[in-house]
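Me: Can you walk me through the structure I have open, starting with the ligand?

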Amino acid sequence: MSRLVVVSNRVADPRKTAAGGLAVALAEVLNNTGGLWFGWSGKIVETADGVTPPESPVHKQHAGPVTLATVDLSREDHDAYYLGYANGVLWPVMHYRLDLADFDAGYISGYRRVNQMFARKLAPLLQPDDIIWIHDYHLIPLAAELRAMGCGQRIGFFLHIPLPPPLIMAAIPAHDWLMRALFAYDLVGFQSHADLLHFDRYVQAEAHAEQLGNGRYRAFSRTLVAGAFPIGIDVEEFIALGKNPESVEMHDRMRHDYAKRKLLIGVDRLDYSKGLPHRMRAFRQLLQQYPENRNLTTLIQIASPSRETVLAYGGILRELESLCGSINGDFGDLDWMPVRYMHRTVARKRLPGLYRAGHVALVTPLRDGMNLVAKEFIAAQDPADPGVLVLSRFAGAAEQLKEAILVNPYDTEATAQAIQLALQMPLKERRRRHAALLATIRREDVHWWCQNFLAALSETEAAASGAPWLRL
Ligand code: GDG
């Protein structure tokens, strides 16, 4: 059996239980095959102005049969690659937010430099029959860099975030370079069929790719397979997490403290793609349009800190604080605060209890690759008395979770109506929808996702038989 090599911007220690669903799933596959996980260590090496820092050595650590190999980044590389190009250009554009993109011409050279450095450090660690799985928008050109160094192994890529329609993608000055870099992979996976369709339209229009059937595309003298592989969660692990004392205590305390009220729950990284201000406006509309909810409904919004050094994130924080303050000021009472907003992270072992205490979850991103919170909320519910999921139609998860109440988060009134419907939903209907949703996330869980992707990758034609890769 081939060894699996996973590459992602950050590497998680598979032995630590705090790691999320993705880390757990990848760790499981890595544990089975005895694999290597390569990425950035999270450390930034500071150097004096004008001094070129020495290149980072590879730090190796063994976690059972898995080797974790990491490299540090210099401040300059981190700022251009991670803050600049990945999170200042690719993240906003791929979430359809051209208005927030910072197309500073200097970022792309840092992005490329770090991908080249990753390739230089990774190549000597590779074995001829390794299967390599590269993750996410930070590392799009990594396979091209590896190919230019002569790597002929099978290489797959999974994009965790959306791929926008061709004309939005085309706003990135180097979009053709990025798309060409994708053709260095043997398999490219997207979260949803919508993303796959955008890829199909892009490569046919901009790269004149030939469609060979069965998801195969030919361009730049290379053939790749593209497909939709919606990521799931480890449902059984999440259900088990919900039985731990911290989670049970969280649930009981919330239901006790809010005994007279219905709870709406939102759990998101504080990110402009998650639609938090739109959600607050819909909640305000709910209180205006359906005054019977006043004093009887509380929205608990966790907005965990994220990428605080990226400029665009300061604005969303201030906007959210101001909206929550004004809702509480306008509608609150001496014994009722309509919105409890927390700009902090809740311990993972408490999350299932928080979700289970919710009568309704508000998962209303403006655009999202998948959205795992929606799936975690379903897994955490009591099947006998489940809460209701209000889900944005713009989350990748909406393609699978048809029994949620799907909303357009830009439509404040319709979203308020949907929340009202969720709050009023009879038990029988809640149970019916929840049973169907739980069956879906169980069937299409994170292990299904991993296995499908790796099976599709091992079925691709070996890259070694393709044309030699010319440096981009
Ligand atoms: C990217 C894509 C795609 C959140 N707050 C807390 C907390 N979380 C955890 C959730 C969940 C994860 O973070 C968030 O996952 P999402 O899928 O919602 O979103 P992104 O972070 O944007 O992830 C996304 C995903 O990659 C996977 O491919 O679905 O579309 O953007 O697991 O539980 N965890 C803890 N405390 C918090 O306060 N412990």
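Reply: Here is the ligand site, followed by the domains. This is a predicted model, in which local features need pLDDT of at least 70 and side-chain atom pairs count only at pLDDT 80 or more, while totals for chains, interfaces and linings use all residues. Residues are numbered from 1 along each chain as its sequence is written, and side-chain values use heavy atoms, with hydrogens and water left out.

Me: OK, how many residues surround the ligand, and which are the closest?

Reply: The ligand is surrounded by 22 residues, counting a residue if one of its heavy atoms lies within 4 Å of the ligand. The closest are His160, Val346, Asp368, Leu372 and Glu376.

Me: What about the classes in that shell?

Reply: The shell has 11 nonpolar, six polar and five charged residues, where Ala, Val, Leu, Ile, Met, Phe, Trp, Tyr, Cys and Pro count as nonpolar, Asp, Glu, Lys and Arg as charged, and the others, Gly among them, as polar.

Me: Which backbone atom lies 2.7 Å from an oxygen atom of the ligand?

Reply: That is a polar backbone atom of leucine 372, and a backbone N or O atom of methionine 370 lies 2.8 Å from an oxygen atom of the ligand. In addition, a side-chain N or O atom of serine 304 is 3.1 Å from a nitrogen atom of the ligand.

Me: And how much of the ligand does the protein bury?

Reply: The protein buries 85% of the 730 Å² that the ligand exposes when taken alone, with accessible areas from the Shrake-Rupley method and a 1.4 Å probe.

Me: Switching topic, what are the domains?

Reply: The domain assignment, which is automatic or from a database, gives domain 1 (4–232 + 448–458) and domain 2 (235–442). Their centres, taken over C-alpha atoms, are 31 Å apart.

Me: Where does the ligand shell draw its residues from, in terms of those domains?

Reply: At least three residues of the shell come from each of domain 1 and domain 2.

Terms used
Polar contact = N/O pair within 3.5 Å; in protein donor to acceptor, adjacent residues only side chain to side chain.
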